[in-house]
Amino acid sequence: MDPDIPYLLLTPGPLSTTRTVRQAMLHDYSTWDVDYNAQVNELRQRLIRLATIESGVEETGHLEDYTAVLMQGSGTFAVEATIGSAVPPTGKVLVISNGKYGARLAEIVRRLQIPLVEYIQPEVSPPDLTELRAKLEADPEITHVTMVHCETTTGMLNPAAEVGRIVKETGRVYIVDAMSSFAGYPMSMETLSADYLISSANKCIEGVPGFGFIIARRDLLERTKGWARSLSFDLYDQWQEMEKNHGKFRYTSPTHVVLACLQALHELTQEGGIVARHARYTENQRTLVEGLRKIGLQTLLPDEYQSVIITSVLYPDSENFSFPNFYDRMKSKRFVLYPGKVSDADTFRVGNIGHVYPDDIRLLVKTIRETLVEMGVDLPETGA
Ligand SMILES: *Cc1c(COP(=O)(O)O)cnc(C)c1O
C-alpha cells in the first residue's frame, strides 16, 4: 500500500489510483486548447483499440468500424446518453436485469418514456438464454436489448457474449453496460456482438471519476441524428463535435480527468495490457476468497458466476457483528470496504480493482480476521 494514501479503496470506483495518475492532473487546460484536444482524440483512439485490436482476444473486429465518444459525468450519465440517443422515436427496449444496475437501465428507459420490456432474474441467477430468445421472438416491436456485463451489485458476471449472439440472430441492436468490466476482462466489440459498449474512467481503466465513454459502431451511430431526448445527453451531437472539432467536447471538458485517464492508459500498457490486468484481478480475487474461507467467511455467489471484479461476502453469523462498526474499524486500519446492495441477503462487498495487489489482499484478510475477533465475532475457522 502507498504510504502516502490515507487508506486503500476496495470499492469498484472511485478506486485507488497510482500517484502518477493523480500527478497527471497538475495541469490546467482550456476546453478549446488544440494540444489538449489532441489528447482527447488520442484517448478516444486508445479506447477503440482496447475494444478491438488490443482487447486481448483473437476475434477483434476492425478498428475503423468503431468510434468512441466521451461524456461528462459519472457512468450513469453515459448510459442515459446512449439509451436516450441510440433508440429511435419508434423504438422499444428489452432490459435484462439481475441486480441494481440492471434495474437502473430499466429506470432510465422508463424516465425517457421509451417503451420497455423487463426480463428480471433473481440477483444470484444469470439470464436464461432460451427464455430470452423466446421473448425476443415473441415481440417484434423490440428494437434494442441492453444488459449489464458485470453486475456490480453482486459481482455476477453475466453471459454478455452468449446474449449478444441471440440479440444478433434475432436482429436487434445490443447495448452493453460494461462499466465495471471493460479493461478488466479480455473482450472485444466483436466477441460480445456489441453495438454500443459503455464504461467509465474510474473503473478498470484505473483513472479518476469525471466522464464515461461509449464505444459505438460507427455506421449505427451515424443514423442517430436527432433522436436524442435531451440536449446535454445527445450522444450524436457530442460525437460530431469531437469528430469535426478535433477532439473538442461540447460544453466544459473534464480536462484534468482526461489527463489522468491517458496516464492510466499508459500504465495499463506498461502492465501488459488487458490480459495482464485481468490476471492481477484474478489473483486478487482468488487470494481474497481463499483467505476469507480459511477464516470462516462465505461468499454470496456460486463460484461459477463470480467475476474477478467485486465479491459479495455474507455477514458472519453473530449478534456481535454490525457492518457500520466493522466498516469504521477497518477504515481506521486503512481499508475501505463497500456496503452490500443485495436485496435478500446481508452482505458487504470487496472490490479487487484499482491499484491493488495480492499482498494488499493478504493484509486485508488478516486485518478482517483481527477486527472480527476484536468485535467478539466467533469464526468457524477452517484452518488458517
Ligand atoms: C459503476 C457502475 C455504473 C455507473 O455508476 P456511476 O455511479 O454512475 O458511475 C453503471 N453500471 C455498472 C454495472 C457499474 O458498476
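Domain bounds here come from an automatic or database domain assignment. The model is predicted, and the tour follows the place where its two assigned domains meet.

**Select the domains.** Colour residues 19-271 as domain 1 and residues 273-382 as domain 2, following the assignment for the protein chain. Taken over C-alpha atoms, the centres of domain 1 and domain 2 lie 29 Å apart. Next, show the residues in contact: domain 1 contributes 31 residues and domain 2 contributes 27 residues.

**Show the surface.** The size of an interface is often given as the accessible area lost when the parts come together. Between domain 1 and domain 2, about 2400 Å² is buried, with carbon and sulfur atoms giving 57% of that area. Now pick Tyr185, Glu206 and Glu271 in domain 1. These residues lose the most area to domain 2, and together they account for 23% of what the domain 1 side buries.

**Look at the charged pairs.** Four salt bridges are counted between domain 1 and domain 2. Select arginine 280 and glutamate 271, which form a salt bridge with their closest N and O atoms 2.6 Å apart. Polar contacts across the interface of domain 1 and domain 2 come to 19 residue pairs, both residues being at pLDDT 80 or more.

**Trace the elements.** On the side of domain 1 that touches domain 2, select α4 (100-111), β7 (156-157) and α10 (255-271), the elements that give two or more residues to that side. Which element gives the most to the side of domain 1 that touches domain 2? That element is α10, with four residues.

**Colour by residue class.** The side of domain 1 that touches domain 2 holds 13 nonpolar, ten polar and eight charged residues.

Definitions and conventions. Residues are numbered from 1 along each chain as its sequence is written. This is a predicted model: local features need pLDDT of at least 70, side-chain atom pairs count only at pLDDT 80 or more; totals for chains, interfaces and linings use all residues. Side-chain values use heavy atoms; hydrogens and water are left out. Contact means heavy atoms within 4.5 Å. Buried area is the accessible area (1.4 Å probe) that two parts lose on being put together, summed over both. A salt bridge is a side-chain nitrogen of Lys or Arg within 4 Å of a carboxyl oxygen of Asp or Glu. A polar contact is a pair of N or O atoms within 3.5 Å; within protein, one must be able to donate a hydrogen and the other to accept it, and residues adjacent in sequence count only if both atoms are side-chain atoms. Ala, Val, Leu, Ile, Met, Phe, Trp, Tyr, Cys and Pro count as nonpolar, Asp, Glu, Lys and Arg as charged, and the others, Gly among them, as polar.
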